[in-house]
Amino acid sequence: MIKILDGQQIHKSFHIDKEKIKILREVSITIYEGEFISIMGPSGSGKSTLLYVLSGMDSFDSGEIIFNNQRLTACGEKELADIRRQQMGFVFQQPAFLKNVTIMDNIVLPAMRDNRKKVKALTTKAQQLLESTGIGQLASRMTNQVSGGQLQRAGICRALINEPKIIFGDEPTGALNSKTAEEIMDHFLQINQEGTTIMLVTHDPKVAAKSERVLFMKDGEIVDELWLGKLLQQRGMENRIEKVTRKM
Ligand code: ADP
Ligand code: MG
């Protein structure tokens with residue numbers, strides 16, 4: 001198995017007034033290429049912070065992060081921004097889109113930064129991605145003319161346009177009804193089956209049950225781990241996840 005992301009002994013604190021609050025306490029995590037991993041845990045346990053630190057979005061106090069053979073701690077700001085833009089994809093609970101711009105442009109414009117001369121190729125690619133998420137007919141709509149679920153599909157297309165090595169999702173299904181959440185989740189599964197590594201923060205056992213491995217966080221630490229294996233959507237997994245969650 002090839003390591004795609006390796007975080008070792010990560011510490012992070014926030015200073016609030018004169019108090020130092022530990023948010024991540026010696027967190028170590030290794031993610032292998034092609035894995036689909038979920039992070040669960042109570043609100044405030046540090047899930048989002050871990051995701052932001054691992055993806056180079058947020059700083060940390062000590063520890064080491066190696067992504068795709070690159071030491072993130074050794075990267076300058078520009079280099080880090082390039083890695084994030086070219087090799088990582090991000091999907092958030094409420095995707096931020098440019099207003100008064102079409103769905104298509106929202107996907108193509110950010111990607112043009114790395115592919116200035118390839119507008120046509122990018123547009124074709126974006127259209128294919130939109131078709132595959134079932135919203136091919138919405139390419140020329142403005143972002144305020146589509147539903148939340150459709151916008152999240154567009155968010156996934158935007159995350160995929162640069163063919164990232166890994167997709168990070170922070171509660172990407174959190175704002176959606178359960179049917180739409182399931183469809184979005186099935187889409188993540190499809191992307192994963194095509195080879196992209198996925199790391200999702202979720203509070204939904206149903207979502208986590210579809211992943212390969214579930215990590216449980218509490219008070220800034222990884223306190224438990226469940227390997228569900230490649231046989232996805234196995235029966236009973238949701239119950240196992242709920243059991244661990246109850247114990248925490
Ligand atoms: P989760 O995603 O599991 O709900 P977070 O990673 O968002 O948790 O937050 C973990 C802890 O860090 C929380 O107690 C939160 O209040 C605190 N925290 C997060 N961001 C900041 C910040 N910018 N400044 C101070 N404290 C923060
Ligand atoms: Mg969070």
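Biologist: How do the residues of the shell around ligand 1 divide into nonpolar, polar and charged?

Modeller: This is a predicted model, so take everything as computed from it. The split is 3 nonpolar, 7 polar and 1 charged. The shell is made up of Phe14, Ile16, Ile23, Gly41, Ser43, Gly44, Ser45, Gly46, Lys47, Ser48 and Thr49. Gly counts as polar here and Lys as charged.

Biologist: What makes a residue part of that shell around ligand 1?

Modeller: Its C-beta atom, placed from the backbone, has to lie within 6 Å of the molecule. Lys47 and Phe14 are among the residues that make it.

Biologist: Which elements give two or more residues to that shell?

Modeller: Those are β1 (3-16) and α1 (47-54). The largest share, 3 residues, comes from α1.

Biologist: Let's stay with α1. Tyr52 lies in that helix; why is Tyr52 called what it is, buried, exposed or partly exposed?

Modeller: Tyr52 has 17 other C-beta atoms within 10 Å. Buried takes 20 or more and exposed takes 12 or fewer, so Tyr52 ends up as partly exposed.

Biologist: What does Tyr52 touch, leaving aside its neighbours within four places in sequence?

Modeller: Tyr52 is in contact with Met57 and Asp58. How about Phe168? It sits 116 residues away along the chain, and the two C-alpha atoms are separated by 8.9 Å.

Biologist: Which residues have the most contacts inside the largest nonpolar core?

Modeller: Leu50, Cys157, Met199 and Val214, in a core of 63 residues. Helix α5 (residues 148-160) gives the most to this core, with 6 residues. As for Leu50, once you leave out its neighbours within four places in sequence, the contacts are Leu24, Val27, Ile39 and Met217.

Biologist: How do you know whether Leu200 is buried or exposed?

Modeller: Count the neighbours: 27 C-beta atoms inside 10 Å. The bar for buried is 20 or more, so Leu200 counts as buried. Leu200 lies in strand β8 (residues 197-201). Beyond four places in sequence, Leu200 is in contact with Ser38, Gly169, Pro172, Val207 and Ser211. Its C-alpha atom and that of Asp17, 183 residues apart along the chain, are separated by 32 Å.

Biologist: Now the sheets. Why do β2 (19-32) and β5 (70-71) each have one side without a neighbour in the sheet?

Modeller: The open sheet of 4 strands runs in the order β2-β1-β4-β5, with antiparallel pairing. Because β2 and β5 stand at the edges, each has a single partner strand, and one side of each is left without a neighbour in the sheet.

Biologist: What makes β1 and β4 a pair?

Modeller: A pair takes at least two bridges. β1 and β4 (residues 62-67) have 5, in the antiparallel sense, so they qualify. Gly7, for one, has Ile65 in β4 as its bridge partner.

Biologist: In which sense do β6 and β7 pair, parallel or antiparallel?

Modeller: β6 pairs with β7 (residues 166-170) in the parallel sense, over 5 bridges. Phe92 stands opposite Asp170 in β7.

Biologist: And why is β6 said to be largely enclosed by the rest of the structure?

Modeller: Of the 5 residues of β6 (residues 88-92), 4 are buried, so the strand is largely enclosed by the rest of the structure.

Biologist: What do β9 and β10 form?

Modeller: A hairpin, with 2 residues between the strands. β9 (residues 213-218) and β10 (residues 221-227) pair in the antiparallel sense over 6 bridges. Phe216 stands opposite Asp224 in β10.

Biologist: What makes the phi of Asp219 worth flagging?

Modeller: Most residues other than glycine have a negative phi. Asp219 has a positive one, near 45°. Asp219 is found in the loop between β9 and β10, and 15 other C-beta atoms within 10 Å make it partly exposed. Asn68, in the loop between β4 and β5, also has a positive phi, near 50°. Asn68 is partly exposed too, with 17 other C-beta atoms within 10 Å.

Biologist: What is the mean pLDDT of the protein?

Modeller: The mean is 91, and 96% of the residues reach 70 or more. The model scores ipTM 0.96 and pTM 0.93. Where pLDDT is low, the predicted coordinates should not be read in detail.

Conventions
Residues are numbered from 1 along each chain as its sequence is written. Chains are lettered from A and ligands numbered from 1 in the order in which they are written. This is a predicted model: local features need pLDDT of at least 70, side-chain atom pairs count only at pLDDT 80 or more; totals for chains, interfaces and linings use all residues. A nonpolar core is a set of buried Ala, Val, Leu, Ile, Met, Phe, Trp, Tyr and Cys residues joined through C-beta atoms within 7 Å. Two residues are in contact if their C-beta atoms, placed from the backbone, lie within 7 Å. pLDDT is the predictor's confidence in each residue, from 0 to 100.
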